[in-house]
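Biologist: I've got a chain here and I'd like to know what stands behind the labels people put on it. Can you walk me through them?

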Amino acid sequence: MTVTIDDVSEPPRSRRKRMTGKERREQLLDIGRTLFAERGFDGTSIEEIATVAGVSKPVVYEHFGGKEGLYAVVVDREMEHLLETVTKSLVGGHPRQKIERAALALLEYIEDSSQGFRILVRDSHAASATGTFASLLSDIAGQVEHLLGDEFRDKGFDPKSAPLYAQALIGMVALTGTYWLDVRKPKREEVAAHLVNLAWNGLSGLEPKPYLTTDYKARQKDLKAKAKEAAKEAKETARAARRSGIEPEPV
């Protein structure tokens with residue numbers, strides 16, 4: 001729902017609900033979050049926030065010290081929420097499943113907290129204590145770096161390259177999420193499957209019909225399709241061998 005000044009009229013003082021300090025603070029944060037998502041930091045004013053909240057400007061200053069303070073709290077909350085969501089998804093399971101869960105976690109955040117994500121992907125204001133969106137992605141990449149480092153060691157690769165791959169992986173998911181924020185097609189799970197397909201298999205090993213390992217039905221369907229294709233190729237090989245009079249080698 002879009003909140004604008006034109007849509008809101010200040011209620012008479014006799015009917016206005018008296019809020020506690022905590023309730024008023026949360027109200028101002030909700031209103032600020034909506035306006036910052038729609039118009040950005042520079043396009044939003046203290047006057048607008050106060051008018052929509054039905055309070056005077058000094059009330060906003062009292063709680064946050066100004067627009068910068070309000071914006072900083074909104075950004076910091078969103079950053080903490082997203083970082084916690086993605087970090088939790090990286091616990092336990094096979095490395096591929098961790099990547100799947102991380103991609104799904106980011107896409108779920110984008111879908112459920114689109115206003116917050118719109119604020120984060122803009123150039124974060126200097127008032128934010130936790131830095132920019134790029135620094136947040138670096139924090140997430142740091143979590144993925146340990147995951148990739150262990151996987152590289154197991155495969156005999158140089159673990160020193162793990163940070164580069166972690167940045168590339170997180171950047172790919174974040175940029176795709178920014179695109180998906182507006183188009184919302186295909187579904188979240190399908191987007192995650194394609195992202196993991198590219199990240200896990202690489203361009204040279206792309207699966208024709210990618211699936212998440214948690215999607216048992218899709219996996220079984222893919223295995224049956226591969227078995228059917230292999231059986232077809234075996235029959236064609238045997239048929240060609242009979243025509244030429246050469247017995248095919250046993251598989």
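Biologist: What makes residues 45–64 a "DNA-binding region" here?

Modeller: That label comes from the UniProt annotation, in an unreviewed entry. Annotations like this may be inferred rather than shown by experiment, so take it as a record's statement. Keep in mind too that the model is predicted. What I can compute is that residues 45–64 are 80% helix and 0% strand, with end C-alpha atoms 14 Å apart.

Biologist: And the chain as a whole, how many helices and strands does it have?

Modeller: The chain has 10 helices and zero strands. Reading along the sequence gives α-α-α-α-α-α-α-α-α-α.

Biologist: Why is isoleucine 119 called buried?

Modeller: Buried means under 20% relative accessible area. Isoleucine 119 has 0%, so it counts as buried. Isoleucine 119 sits in helix 6, residues 114–121.

Biologist: Which residues does isoleucine 119 touch?

Modeller: Setting aside residues up to four places away in sequence, isoleucine 119 touches Arg33, Phe36, Ala37, Tyr71, Val74 and Val75. A contact needs heavy atoms within 4.5 Å, so each of those six gets within that cut-off of isoleucine 119. As for leucine 35, its C-alpha is 9.7 Å from that of isoleucine 119, though they're 84 residues apart in sequence.

Biologist: What share of the chain's contacts join residues at least 24 apart?

Modeller: Counting contacts between residues at least 6 apart in sequence, it's 63%. As for burial, 36% of the 251 residues are buried.

Biologist: What makes a set of residues a nonpolar core, and which members touch the most others?

Modeller: The members must be buried residues of the nonpolar kinds, joined through side-chain atoms within 4.5 Å. The largest such core has 57 residues, and Phe36, Ile49, Leu82, Ile110 and Leu120 touch the most other members. Helix 7, residues 133–155, gives this core its largest share, nine residues. In soluble globular proteins, nonpolar side chains tend to be buried together.

Biologist: What is leucine 120 in contact with?

Modeller: Leaving out neighbours within four places in sequence, leucine 120 contacts Val75, Glu78, Met79, Leu82, Tyr109, Phe133 and Leu136.

Biologist: Last one: which residues lie nearest the centre of the largest pocket?

Modeller: Those are Leu148, Phe152, Tyr165, Ala199 and Trp200, out of 14 lining residues. Helix 7, helix 8 (162–183) and helix 9 (188–201) each give two or more residues to that lining. Its volume is about 390 Å³.

How values were computed:
Residues are numbered from 1 along each chain as its sequence is written. This is a predicted model: local features need pLDDT of at least 70, side-chain atom pairs count only at pLDDT 80 or more; totals for chains, interfaces and linings use all residues. Side-chain values use heavy atoms; hydrogens and water are left out. Helices (H or I, at least four residues) and strands (E, at least two) are DSSP runs, numbered from the N terminus. Buried means under 20% relative accessible area, exposed over 50%, partly exposed in between (1.4 Å probe, protein chains only). On a 1 Å grid over the protein atoms alone, a cavity is a set of points where a 1.4 Å probe fits but cannot get out, and a pocket is an open set with protein on both sides within 12 Å along at least five of seven lines; lining residues have an atom within 4 Å of a point. Grid points are joined across faces, edges and corners, and a volume is the space filled by probe spheres set on the points.
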